[in-house]
Amino acid sequence: MPIPMRQAAKVGTYVFKNKLRRREKFPLIVELEPLFACNLECPGCGKIQYPTEVLRKRVSVDEAVAAMEECGAPMVSIAGGEPLLHPQIDDMVDELIKRKKFVYLCTNAVLLRRKIDKFKPSPYFSFVVHVDGLQERHDLAVAREGVFDEVVEAVNEAKDKGFRVTTNSTFFSTDSPEDVRSVLDFLNDDLEVDSMMISPGYAYEKAPDQEHFLPVEQTKSLFRDAFSEGKRKKWRLNHTPLFLDFLEGKVEYECTAWGIPSYSVFGWQRPCYLMADGYTETYQELIDTTDWDSYGRGRDPRCDNCMAHCGYEPTAVFATMKSLRESIRAAVGTN
């Protein structure tokens, strides 16, 4: 199954314990951005648009560990920027693994083969490689020729060395259902990655390209058509079945932004990593002082076209755990 049993069991136990304690809001996974600097200039991402003094900042290993220990989340997604540019990224990963956090290290893979010997395979660790299409489409998405070929080489080397490798693919208004199918077929059948994550293009305010983010109805149509004819059941998708139902428009959910909070060089970001309405020093302050009810579709116009995992995957997880049928469906990997 795409989600390892060890991880599924730990997350399930974690959620159950928080419900028993009647803790209303708690994180499933933290989006940790230890830096915003990157070695690519993707038009759909605005991280490198920050001024130079911000791009030079780094979250220290101690700060990253303290943030994870304070909030208590069992999982962390280390993104950026490009985290492999962080001089202590291997130490950060090691310290989080020592605390039995499930670590997803997101990378564009340009530096992966050069840095891979700094890491060790672990059931608590996965590389997450960005793949936004096949060769021409991906190289266009990252604004540099040759990156797709480097991704393929890096993924193959990581797998040969015993690492768990997952991918993350973002789709925009320029993508067709055939585009979605072609890249997922390639990742699933040819590259044989362990699992795949997908997301509709989301509106970073600083992104140079503001014209190709997916509105809600187009998102539903894109994934509904891409998933037709039983294709969805074939792919090793690292999502709950209910989140995939949500992308197709089969179910509707409210945003649960507090389920995947973001921590960066600025601190805890409210309300999520797609929007920056201020920062707090502590996780508890983030939870206590953010007006969560003011966000989501129909509440904040900036949220109207968002179907991103950071808001809706936690909702799907909680809905799954409330239903025996959906829990079984998720456990057996029935997409």
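**Questions on a predicted model**

Reader: What share of the 335 residues of the protein chain counts as buried?

Author: This is a predicted model, in which local features need pLDDT of at least 70, side-chain atom pairs count only at pLDDT 80 or more, and totals for chains, interfaces and linings use all residues. Residues are numbered from 1 along each chain as its sequence is written, and side-chain values use heavy atoms, with hydrogens and water left out. Buried means under 20% relative accessible area, exposed over 50%, and partly exposed in between, for a 1.4 Å probe and protein chains only. The buried share of the 335 residues is 56%.

Reader: How many helices and strands are in the protein chain?

Author: Helices (H or I, at least four residues) and strands (E, at least two) are DSSP runs, numbered from the N terminus. Counted in this way, the protein chain holds 14 helices and nine strands.

Reader: What is the radius of gyration of the protein chain?

Author: The radius is taken over C-alpha atoms, and the globule rule is 2.2 Å times the number of residues to the power 0.38. That rule gives 20 Å for 335 residues, and the value of this chain is close to it, so the chain is as compact as a globular protein of that length. Along its principal axes the C-alpha trace spans about 50 × 45 × 40 Å. The radius of gyration is 18 Å.

Reader: In what order do the nine strands form the open sheet?

Author: Two strands pair if DSSP finds at least two bridges between them. The pairing in this sheet is mixed, and the edge strands, which each pair on one side only, are strand 6 (195–200) and strand 9 (275–280). Neighbouring strands are turned by 25° against each other on average, direction ignored. The order is 6-5-4-3-2-1-7-8-9.

Reader: Which residue in strand 2 stands opposite Ile 29?

Author: Strand 1 (residues 29–32) and strand 2 (residues 75–78) run parallel and are joined by four bridges. The residue opposite Ile 29 is Met 75.

Reader: Which residues does Gln 7 contact, leaving aside its neighbours within four places in sequence?

Author: Gln 7 sits in helix 1 (residues 5–20), and is buried because its relative accessible area is 6%. Helix 1 lies across strand 2 and strand 3 (102–107). With contact meaning heavy atoms within 4.5 Å, the partners of Gln 7 are Met 75, Phe 102 and Tyr 104.

Reader: How many residues of strand 5 are buried?

Author: In a regular strand the side chains alternate between the two faces of the sheet. On one side of strand 5 (164–171) are Arg 164, Thr 166, Asn 168 and Thr 170, and on the other are Val 165, Thr 167, Ser 169 and Phe 171; both faces are covered. The buried residues of strand 5 number eight of eight.

Reader: Which residue in strand 6 stands opposite Thr 167?

Author: On the strand 4 side, five bridges pair strand 4 with strand 5 in the parallel sense, and Val 129 stands opposite Thr 167. Strand 5 and strand 6 also run parallel, joined by six bridges. In strand 6, the residue opposite Thr 167 is Met 196.

Reader: What span does helix 7 reach from its first C-alpha to its last?

Author: The expected span of a helix is 1.5 Å times one less than its number of residues. Helix 7 (residues 147–160) has 14 residues, and its span is close to the expected 20 Å. Its buried residues include Phe 148, Val 151 and Val 155, and what covers the buried residues includes strand 4 (125–130) and helix 8 (177–190). The span reached is 20 Å.

Reader: Is Phe 243 buried or exposed?

Author: Phe 243 lies in helix 11 (residues 241–248). Leaving aside its neighbours within four places in sequence, its contacts include Ile 198, Met 307 and Tyr 312. Because its relative accessible area is 0%, Phe 243 is buried.

Reader: Which residue does a cis peptide bond join to Arg 270?

Author: Most residues other than glycine have a negative phi, and most peptide bonds are trans. One cis bond runs from Gly 80 to Gly 81, with omega near 10°. For the cis bond at Arg 270, omega is about 0°, and the partner, found in strand 8 (residues 267–272), is Pro 271.

Reader: What is phi of Glu 192?

Author: Glu 192 lies in the loop between helix 8 and strand 6, and is partly exposed because its relative accessible area is 49%. Glu 192 is a residue other than glycine, yet its phi is positive, near 55°.

How values were computed. Axes are lines fitted to C-alpha atoms, for helices over the stretch in contact, and angles run from 0 to 180 degrees between N-to-C directions.
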